[in-house]
Amino acid sequence: MPRHEKIVILTGAGLSAESGLATFRDSGGIWAQYDYRDVATPDGFQRNPNLVYEFYNMRRREAAKAVPNAAHAALARLQRDYPGDVLLVTQNIDDLLEQAGAQNLIHMHGEMTKMLCTHCDARLPWAEDLSADLACPECELIGGMRPAVVWFGEVPYEMARIATALGACDLFIAIGTSGNVYPAASFVAAALEAGAHTVELNLEPSDTAGYFAERLHGPATEIVPAYIDRLLSE
Ligand code: APR
């Protein structure tokens with residue numbers, strides 16, 4: 001009988017930082033270089049689509065060069081070897097967890113490796129640059145394709161499934177997230193409500209650190225494998 005039957009793990013940009021992908025709110029992070037209203041809102045896309053295309057094209061190219069790190073690998077190992085249920089909910093739009101072999105995974109903020117057609121709602125894998133002069137492979141209309149990611153003011157994906165999992169979990173772990181953005185930042189409160197043990201694995205205390213029963217701080221590639229080794233040996 002495993003110590004925990006249902007584990008929910010929330011991950012953020014800090015999980016991919018040691019794979020070379022920038023975080024958002026660390027000094028010099030993405031939101032220090034760009035105004036999120038210009039590149040991560042529906043209004044911004046309406047106002048200047050080319051700036052938004054270029055923002056995601058640059059991040060997609062960078063992500064294509066990145067490889068999973070020891071923390072991604074440890075999470076995939078936990079899902080493979082732990083006798084209980086392990087659901088990964090990531091805010092990240094890279095595919096490093098998939099590359100590491102993770103399966104039971106929700107991209108609540110979408111994926112930059114997929115495109116969404118605003119004309120026909122098609123959602124297709126897309127590894128290349130996106131631009132306004134491309135025709136949708138499904139409806140063949142031009143100019144409607146956007147990254148299949150969730151912008152500020154839009155509803156994150158699979159929230160009902162996430163809420164159900166949080167309501168039934170007995171262990172909730174947050175990895176590499178600053179606890180700045182809702183609804184993800186509220187997940188720890190829902191887990192506490194369900195009576196779960198709560199653990200924060202982060203470089204430094206997040207804005208929601210006070211909610212967690214257990215807090216381990218350090219680089220994800222060190223503290224995540226160590227914590228998962230502990231879980232697997234219990
Ligand atoms: N190991 C562990 N944690 C790290 C590391 C590391 N190597 N490097 C940074 N961190 C931590 C930082 O201390 C910070 O708490 O990761 C967190 C990153 O926080 P943010 O940059 O705010 O990223 P995130 O929490 O994922 O942002 C949430 O905001 O802008 C939106 O859609 C975007 O999904 C994103 C959401």
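**Exercise 1. Is Val188 buried or exposed?** Also find its element and its contacts.

*Solution.* The model is a predicted one.

Step 1. Read the accessibility: the relative accessible area of Val188 is 3%. Buried means under 20%, so Val188 is buried.

Step 2. Locate the residue. Val188 belongs to helix H9.

Step 3. List the contacts, leaving out neighbours within four places in sequence. Val188 then touches Phe172, Thr198, Tyr211 and Phe212.

Step 4. Take one distance across the model. From the C-alpha of Val188 to that of Asn69 is 25 Å, with their positions 119 residues apart in sequence.

**Exercise 2. Find the buried residues of helix H8 and state how they are placed around its axis.**

*Solution.*

Step 1. Helix H8 covers residues 159–168, and Ile162, Ala165 and Leu166 are buried there.

Step 2. These residues span an arc of only 100° around the axis, so they are on the same side of H8.

Step 3. Turn to the other side of H8. Ala160, Thr164 and Gly167 are exposed there.

Step 4. Identify what the buried residues of H8 pack against. The partners are strand E1 (6–11), E2, strand E3 (105–107), strand E7 (171–175) and helix H9 (187–193).

**Exercise 3. Describe the setting of Asp94, a charged residue.**

*Solution.*

Step 1. Asp94 sits in the loop that runs between strand E2 (85–90) and helix H7 (96–99).

Step 2. Look for a charged partner. Asp94 is buried but has no salt bridge. Arg59 is the nearest side chain of opposite charge, at 7.1 Å. A salt bridge requires a nitrogen and an oxygen within 4 Å.

Step 3. Look for polar partners instead. The side chains of Asp94 and Ser16 make a polar contact of 2.8 Å. A polar atom of the Asp94 side chain also lies 3.0 Å from the backbone nitrogen of Leu96.

Step 4. Add the remaining contacts. Beyond four places in sequence, Asp94 is in contact with Ser16, Leu21, Ala63, His107 and Met112.

**Exercise 4. Which residues are closest to the ligand, and how many surround it?** Then follow the polar contacts around Thr177.

*Solution.*

Step 1. The ligand is surrounded by 23 residues, and the closest are Phe24, Arg25, Trp31, Thr177 and Ser178.

Step 2. Check the oxygen atoms of the ligand. One ligand oxygen is 2.7 Å from a polar side-chain atom of Thr177. A polar backbone atom of Gly176 lies 3.3 Å from an oxygen atom of the ligand.

Step 3. Check the nitrogen. A ligand nitrogen atom and a polar backbone atom of Ala220 are 2.9 Å apart.

Step 4. Continue from Thr177 to Gln91. Their side chains make a polar contact of 2.8 Å. Gln91 is in the loop between E2 and H7, and it is buried, with a relative accessible area of 13%.

Step 5. Complete the surroundings of Gln91. Apart from residues up to four places away in sequence, Gln91 touches Leu10, Thr11, Gly12, Met108, His109, Thr177 and Ala184.

**Exercise 5. How many salt bridges does the whole structure hold?** Work through three of them.

*Solution.*

Step 1. The search finds 11 salt bridges.

Step 2. Asp35 pairs with Arg37, with the closest N and O atoms 2.6 Å apart. Asp35 is partly exposed at 28% relative accessibility, and Arg37 is partly exposed at 48%.

Step 3. Arg61 and Glu54 form another salt bridge, 3.1 Å from N to O. Arg61 has a relative accessible area of 39% and Glu54 one of 38%, which makes Arg61 partly exposed and Glu54 partly exposed.

Step 4. Arg77 and Asp229 form a salt bridge whose closest N and O atoms are 3.0 Å apart. Arg77 is in helix H6 (residues 70–81) and Asp229 in helix H10 (residues 220–233), so this pair ties together parts 152 residues apart in sequence. Arg77 is partly exposed at 23%, as is Asp229 at 40%.

Step 5. Look for shared partners. Glu54, Arg61 and Asp129 are joined into one network by salt bridges that share partners.

**Exercise 6. Where is Gly28 in the chain, and is Gly28 buried or exposed?**

*Solution.*

Step 1. Gly28 is in the loop between helix H1 (14–17) and helix H2 (30–33).

Step 2. The relative accessibility of Gly28 is 52%. Exposed means over 50%, so Gly28 is exposed.

Step 3. Relate Gly28 to Phe187. The two are 159 residues apart along the chain, and their C-alpha atoms are separated by 27 Å.

Technical notes
Residues numbered from 1 in each chain as written. Predicted model: local features only at pLDDT ≥ 70, side-chain atom pairs only at ≥ 80, totals over all residues. Heavy atoms only, no water. Helix = DSSP H or I, 4+ residues; strand = E, 2+ residues; numbered from the N terminus. Buried < 20%, exposed > 50% of the residue type's maximum accessible area, 1.4 Å probe, protein only. Lys, Arg positive; Asp, Glu negative; His and termini not counted. Polar contact = N/O pair within 3.5 Å; in protein donor to acceptor, adjacent residues only side chain to side chain. Contact = heavy atoms within 4.5 Å. Arc of directions from axis to C-beta. Near = heavy atom within 4 Å.
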